[in-house]
Amino acid sequence: ILKTNENVNRKLGFNFGMTHSEYMVTKDKEIYLIESANRGGGVYTSAIIVPNVTNIDIVEQYICDSLKIEKNYFKDDIKENSVVLKFFSLPLGKIKEINGIADFEKKEEILKLRLSLKKGDVVQKITTDANRHGFVIARNDTINLGKEIAKHIRICYEK
């Protein structure tokens, strides 16, 4: 996959900066390109997920590379920590109240949480990345994120 990704990005002319590529790998080990871009990943992939997985600040590395400042994280510092990104998919309806987000955000495992809706909003069907209901990024793969969210965050709907 990594070799395929390098070849794709080279053929697309990406020769500097962060890249973000998505592939589908079938059960038969066939690799299909979904998208590739000469930018970092969205939903805090470059700013939060990669640094917490690898202990490498790729945004700082990119800035140093751009300014020709000698700094190379890509040697012995790489770690392999677990990070989970979970998107919210809420029931449709009008939100009466939301409770527990502030307490949940304070948990040590939570790196970033965003609920894109507030009291009084009508939850619509998700049709694109732009109208997702929200997300949470958490450290540590042992956390059962779905159960934790359900336990701490309560969303009440108008009847």
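Which strand does H20 lie in? I looked this up before anything else, and H20 lies in strand β1. Helices and strands here are DSSP runs (H or I of at least four residues for a helix, E of at least two for a strand), numbered from the N terminus.

**Entry: ground rules**

I am working with a predicted model, in which local features need pLDDT of at least 70 and side-chain atom pairs count only at pLDDT 80 or more, while totals for chains, interfaces and linings use all residues. Residues are numbered from 1 along each chain as its sequence is written, and side-chain values use heavy atoms, with hydrogens and water left out.

**Entry: H20**

I asked whether H20 is buried or exposed. I noted H20 as buried because its relative accessible area is 15%. The cut-offs are under 20% relative accessible area for buried, over 50% for exposed and partly exposed in between, with a 1.4 Å probe and protein chains only. I then listed what H20 touches, leaving out residues up to four places away in sequence: E35, S36, A37, R39, G40 and G41. Contact means heavy atoms within 4.5 Å. From H20 to A37 I read 5.3 Å, C-alpha to C-alpha, with these positions 17 residues apart in sequence.

**Entry: the whole chain**

I counted five helices and eight strands in the protein chain. From the N terminus on, I wrote the order down as α-β-β-α-α-β-β-α-β-β-β-α-β. The radius of gyration of the protein chain is 19 Å, whereas a compact globule of 159 residues would have one near 15 Å. That radius is taken over C-alpha atoms, and the globule rule is 2.2 Å times the number of residues to the power 0.38. Along the principal axes, the C-alpha atoms fill a box of roughly 55 × 35 × 30 Å.

I found that buried residues make up 26% of the 159 residues. Of the contacts between residues at least 6 apart in sequence, 60% join residues at least 24 apart. The accessible surface comes to about 11,100 Å², and 50% of this belongs to carbon and sulfur atoms. Accessible areas come from the Shrake-Rupley method with a 1.4 Å probe, and for residues only the protein chains shown count as cover.

**Entry: aromatic pairs**

How many aromatic pairs does a search of the whole structure find? I noted two. Rings of Phe, Tyr and Trp (its six-membered ring) pair if their centres lie within 6.5 Å; planes under 30 degrees apart count as stacked, over 60 as edge-to-face and the rest as tilted.

F16 and Y62 form a tilted pair, with 5.7 Å centre to centre and 40 degrees between the planes. F16 is in the loop between α1 (2-11) and β1 (20-25) and Y62 in helix α3 (residues 58-66), so I noted a link between distant parts of the chain, 46 residues apart. F16 counts as partly exposed because its relative accessibility is 42%. Y62 is also partly exposed, with a relative accessible area of 35%.

Y44 and F135 form a tilted pair too, at 5.9 Å centre to centre and 45 degrees between the planes. Here Y44 sits in the loop between β2 (31-37) and α2 (45-54), and F135 in strand β7 (residues 134-139), 91 residues apart. I have Y44 as partly exposed at 28% relative accessible area, whereas F135 is buried at 7%.

**Entry: α2 and what follows**

Which residues are buried in α2? I listed S46, I48, I49, P51 and T54. Their cover includes α3, β3 (83-87), β5 (110-115) and β7.

N55 follows α2 and lies in the loop between α2 and α3. N55 is not a glycine, yet I read a positive phi of about 65 degrees. N55 counts as partly exposed because its relative accessibility is 42%.

**Entry: K29**

K29 is another residue other than glycine with a positive phi, near 70 degrees. I placed K29 in the loop between β1 and β2. At 68% relative accessibility, K29 counts as exposed.

**Entry: I149**

I149 lies in helix α5 (residues 145-152). I noted I149 as buried because its relative accessible area is 11%. Not counting residues up to four places away in sequence, I149 touches K86, F88, F104 and V136. I149 and L12 are 137 residues apart in sequence, and I read 40 Å between them, C-alpha to C-alpha.
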